[in-house]
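I opened the model to look up two things. One was the strand order of a sheet, the other a pocket.

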Amino acid sequence: MSERHPIIAITGSSGAGTSSVTRTFQNIFRRDKITAAIIEGDSFHRYDRKEMRQRQAEAEAAGDRNFSHFGPENNLFAELENLFATYAQTGGGKRRLYLHDPIEAAPYKQEPGTFTPWEDLPADTELLFYEGLHGAVVTDDINIAKHPDLLIGVVPVVNLEWIQKLYRDKNVRGYSAEAVTDTILRRMPDYVHYICPQFGHTHVNFQRVPVVDTSNPFIARDIPSPDESMVVIRFANPKGIDFQYLLNMIKDSFMSRANTIVVPGGKMELAMQLIFTPFIWRMMERRKRALGVL
């Protein structure tokens, strides 16, 4: 953690909805004129798309049916922790991009599914913002979770997470339902060992819970809408959180535990704005004091 060079990390599984949370923070940064160094978790995968497919085929031929993007062998955990530590100390570090599709790849004249070269972070950023799978990973060798000043988990109930992944991968990426189901099954051990434990290290968790039947996610025709959901917001340390203010500002919200507020799904972005805008203001004030600007 660092007052001069703070870090915000959003962590969640594939299909959890971290991208929508990221858009909320980008709106806050744009509104308050905050310059952030953006880090995409996919850029810290170890292999590009073509090599990952090759290594997966080799793993399956060797009898390994659980080769996945979730585990340590296919990610640069040490490099990610080093980036967080370096940024917290100096405000610098190295990053690259993962080019997901032809639109992202075109400006770089590269194939989709490849990485751009490593490059220095932009100079004079005010904070580092990470969004991806592993913002709070802790293993015997690394501890990424200790570095962020604000660590947020995005964790839909698992059936909803699977529905979101199935819908996205079938309708956006063109995969078959069988292929997506195979991916879910293959990732399960790493999901249990490297994704779920992160949410015990986060400062705040957002868990979307549908209020419609999602008992069989593999036959769902669409994703439950925000209005068909509630969002459970859990604070690891509720000290300083003005729950009464949140209850007054967010209609139909309620407290389920002393550290947990439940809000309508359609109010999730409002809740995030109300919760995190003051936090970011305080973060920027501490940074200015540490730099001697105030």
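My entries on the sheet come before those on the pocket.

I worked on a predicted model, in which local features need pLDDT of at least 70 and side-chain atom pairs count only at pLDDT 80 or more, while totals for chains, interfaces and linings use all residues. Residues are numbered from 1 along each chain as its sequence is written, and side-chain values use heavy atoms, without hydrogens and water.

Sheet. I read the order E2-E7-E1-E8-E9-E10-E12-E11 for an open sheet of 8 strands with mixed pairing. Strands (E, at least two residues) and helices (H or I, at least four) are DSSP runs numbered from the N terminus, and two strands pair if DSSP finds at least two bridges between them. E2 (36–40) and E11 (254–257) are the edge strands, each with a single partner, so one side of each has no neighbour in the sheet. E2 runs parallel to E7 (residues 127–132), joined by 5 bridges. I found Ala36 opposite Leu127 in E7.

Pocket. I then looked up the second largest pocket, where a pocket is an open set of points on a 1 Å grid over the protein atoms alone that a 1.4 Å probe fits, with protein on both sides within 12 Å along at least five of seven lines. Its lining (residues with an atom within 4 Å of a point) numbers 19 residues, and Lys239, Gly240, Ile241, Phe279 and Arg282 lie nearest the centre. Helix H7 (243–249) and helix H8 (268–291) are the elements giving two or more residues to this lining. H8 gives the most, with 6 residues.
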